[in-house]
Amino acid sequence: MRYLLAVPFFVCSIIAALHSASAQVEGLRSRIPTDANTVVVIDVEKLFGSPAAERERWDAKRKAAFESGVTFLSENTQGVVIAAKIDLEFGQTVWELAQVRVSEGASLTSVATRFGGKIDSIEGRSAVRLPNDSYVVQVSPQSFASYTPANRQEVGRWLKSTDTTSTDQSISPYLASAFSYVQKVGTPIIMAIDLSGVLSSDQISERLAGSPLAQAAGDKLPSIVSTLSGIKGVMLGVTVGQAPFGSIRVDFDGPAAPMLEHGKELLIAVLEKHGAMIDDISSWKASTDGNTLIIKGNLSTSGLRRALSVLELPPSLGHAMDTVKLDTESDPESIKRVASQQYYSSINVLLKDLKQERKDAKSLTAGGVAMWYDKYARKIDNLPLLNVDEELLAFGRDVSELLRGGENSLKAVGMRSATRQGLNEGDTSSGTTYFAGESSYVGYGGYRAGYSGSYVNPYYANREKGRTDAIIRRQERTLGAANVQEMWQTIETATADIRRSMTAKYNAEF
């Protein structure tokens, strides 16, 4: 869910949450706290039972992906519901609750063992407090939940309150309508977030001021601002029949017609800015139906994969669903070897997945790429550490730090460009005369004419500033790309070195 916090109001839309109201998730719905404004639901059985999933053997690939840390959907998973209360004004998660329903009962003992947690009992349920500030609770024989932060009193209150409430409890009307929508249509995946009252008209006007949308909208801008100020929420639904199909619906408290011409453009612009764009959306068609703007179209396999990759079920909860056996032998060296092999394999698959993610997403900005590097660094940080070889743990920390270094390098591209462009603006606004005579280069400031005077020809000054600004952006992007390329070379060298070292140490393939 932390990913959502990077996306301001309109973008929270597409990345927020998932819903499905089949029997597999209906029982999980009653456990959603009443102050949630974000919900995530997946009907796993319906998703993997689709014709497209069967044709492309998704289920066969799921086990390998789960054990490698790429996905949280184990073979034992039937349904997933993730809910959160997010302070949308300040971008902070107040609490987050992830729930899963499994086909077979499992135990929390392995979670405590693998993640270094401490066994507890809360409101008569087995629970494990983990070092990452979360509790994992066995709510029923076939359902598990992860609650963050690890506030024991709050976890107890949550369990006690939802033991006595029904599915008709007073959750957000918008989230309730999302459940109703899913029940009628039978969509296996739905993403929704309640955005009611998030921004005023004045705040929206300030954010749109000077934007390409404001210029393109012209005298239609006031009606667009008025419509946006009445936004109720956004849902992204995905159906998977013969092929994946996506539909984004943005609901307002008044007619959505003013958003028809520029709504899709606005959504894409904000998604691209925050690295959340799915390239398929560019070809989707926009329409309105009463108070709803609808944008829909086909989803490629990579587009569906990208949408699903936004969701991060805690690794601890995944292992509660489908315990990975370390070794049946009691030999400590064997246990350490298997744990180390799994850790090494997980890092390699995550790095491969990150490279593929970047290849699939053609519209990512430097900031968007940086976001994915941080995301995968956190995935590596969250891998199980118990019994893993110390040298391999150091390798994992190094890889995580290198990814964050790449993230910082890419984030700095925009900052450095803005600083240099500011200097450029100051230099071109000096009192220099610009004639057609011989000129000299003056660093960040661009070109200055060889004749002195007290007048700046605005045409030439603006043209030169635009040209030198473009040069600055290219230079900074090139520098950022070079730093990232060096990062990947360092990671590849370190990966080869640790593989040789571990293979020799344990006399086993890594």
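Over the ring of which residue does the charged end of Lys 379 sit? The answer is Tyr 376, whose ring centre lies 4.8 Å away; a charge sits over a ring if NZ of Lys or CZ of Arg is within 6 Å of the ring centre and within 35 degrees of the ring normal.

A word on the basis first. This is a predicted model, in which local features need pLDDT of at least 70 and side-chain atom pairs count only at pLDDT 80 or more, while totals for chains, interfaces and linings use all residues. Residues are numbered from 1 along each chain as its sequence is written, and side-chain values use heavy atoms, with hydrogens and water left out.

The protein chain holds 18 helices and 14 strands, taken as DSSP runs (helices H or I, at least four residues; strands E, at least two) and numbered from the N terminus. Of its 510 residues, 50% are buried, that is, under 20% relative accessible area with a 1.4 Å probe, protein chains only.

Now to the sheet. In an open sheet with antiparallel pairing, 12 strands follow the order 4-5-6-7-3-2-1-8-9-10-12-11; two strands pair if DSSP finds at least two bridges between them. Strand 4 (118-122) and strand 11 (285-289) are the edges, and each has a single partner strand, so one side of each lacks a neighbour in the sheet.

Three of the pairings can be set side by side:

| Strands | Bridges | One bridge pair |
|---|---|---|
| 2 (residues 77-87) and 3 (residues 92-102) | 10 | Lys 85 and Trp 95 |
| 1 (residues 38-43) and 8 | five | Thr 38 and Ile 193 |
| 8 and 9 (residues 231-240) | six | Ile 190 and Gly 237 |

Strand 8 (residues 189-194) deserves a closer look: six of its six residues are buried, so this strand is largely enclosed by the rest of the structure. Ile 189, Met 191 and Ile 193 point one way from strand 8, and Ile 190, Ala 192 and Asp 194 point the other way.

Aromatic rings come next. The whole structure contains six aromatic pairs, meaning rings of Phe, Tyr and Trp (its six-membered ring) with centres within 6.5 Å; planes under 30 degrees apart count as stacked, over 60 as edge-to-face and the rest as tilted. Tyr 344 and Phe 510 have ring centres 6.0 Å apart and planes at 70°, so they form an edge-to-face pair. Because Tyr 344 lies in helix 15 (residues 332-360) and Phe 510 in the segment after helix 18 (458-506), the pair ties together parts 166 residues apart in sequence. Both Tyr 344 and Phe 510 are buried. Elsewhere, ring pairs link Trp 95, Tyr 147 and Trp 158 into a cluster.
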